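Colleague: I am new to this structure. Please take me closely through one part, the open sheet, and what packs on it.

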Amino acid sequence: MASESSFDVVSKVDRQEVDNALNQAAKEISQRYDFKNVGASIAWSGESIVMTANSEERVKAVLDVFETKLIRRGISLKSLETGDPKQSGKEYRLEAAVKEGLSSENAKKVSKIIRDEGPKGVKAQIQGDELRVSAKSRDDLQAVIALLKDADLDVALQFVNYR
């Protein structure tokens, strides 16, 4: 095998799936008995998701419903960045953002893990918001994928362009 095999490590989220999860959560919130007459809602606000309700506990319950829908749709909760509930007037608001892309800091962490714990002869190079991993042996690449899946990182990783 003369040529090198490679794959890319990325951190991407399917926006349509997030939108579907949000719509399912909004529907459930509008129908559930414990959310009646508390002003609970969830909606897009630009690039972030805004949840509102009349108490801090209700806002956290709305977030829980939304997280459940995300998990059912196969989206990692590591890609959701939430703040603390803030009171604005009579209602509480909670904003959440969807994180995408591999930051240079996280890419450096991943490449360090590959260098330190991965098989010898595996190269990792940062290319923008993704990381290209290449090696002569496909078995080494499989070992790197298994290593990264087991690693406890604060970012959701996907492996694409395996060739």
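Modeller: Here is a walk along the sheet, strand by strand, followed by the helices.

This is a predicted model, where local features need pLDDT of at least 70, side-chain atom pairs count only at pLDDT 80 or more, and totals for chains, interfaces and linings use all residues. Residues are numbered from 1 along each chain as its sequence is written, and side-chain values use heavy atoms, with hydrogens and water left out.

Start with the layout. The open sheet has four strands in the order 7-8-1-9, with antiparallel pairing. Strand 7 (123–127) and strand 9 (158–160) stand at the edges; each has a single partner strand, so one side of each has no neighbour in the sheet. From one strand to the next, the twist averages 30°. Some terms first. Helices (H or I, at least four residues) and strands (E, at least two) are DSSP runs, numbered from the N terminus. Two strands pair if DSSP finds at least two bridges between them.

Now strand 7. Five bridges tie strand 7 to strand 8, and the two run antiparallel. I126 sits opposite L131 in strand 8. The two strands form a hairpin, with two residues between them. In the turn, G128 has a positive phi of about 70°.

Next comes strand 8. Five of the six residues of strand 8 are buried, so it is mostly covered. Buried means under 20% relative accessible area, exposed means over 50%, and partly exposed lies in between (1.4 Å probe, protein chains only). Strand 8 (residues 130–135) is joined by five bridges to strand 1 (residues 5–10), and this pair is antiparallel. V9 faces L131 across that pairing. D8 stands opposite R132.

Strand 1 deserves a pause. Six of its six residues are buried, so strand 1 is largely enclosed by the rest of the structure. S5, F7 and V9 point one way from the strand. S6, D8 and V10 point the other way, and all are buried. On to strand 9. Strand 1 pairs with strand 9 over three bridges, in the antiparallel sense. There, the bridge partner of D8 is V160 in strand 9.

Two helices belong to this picture. Helix 3 (residues 104–117) lies across strand 7 and strand 8, and runs at about 15° to strand 8. Helix 4 (residues 138–150) packs on the sheet and touches strand 1, strand 8 and strand 9. The direction of helix 4 makes about 15° with that of strand 1. Contact here means heavy atoms within 4.5 Å. Axes are lines fitted to C-alpha atoms, for helices over the stretch in contact, and angles run from 0 to 180 degrees between N-to-C directions.

Finally, another helix pair. The axes of helix 1 (residues 15–31) and helix 2 (residues 56–72) come within 8 Å and cross at roughly 135°. The two are therefore oblique to each other. Angles under 35 degrees count as roughly parallel, over 145 as roughly antiparallel, 65 to 115 as roughly perpendicular, and the rest as oblique. Residues in helix 1, including V18, L22 and I29, meet residues in helix 2, among them V62, F66 and L70.
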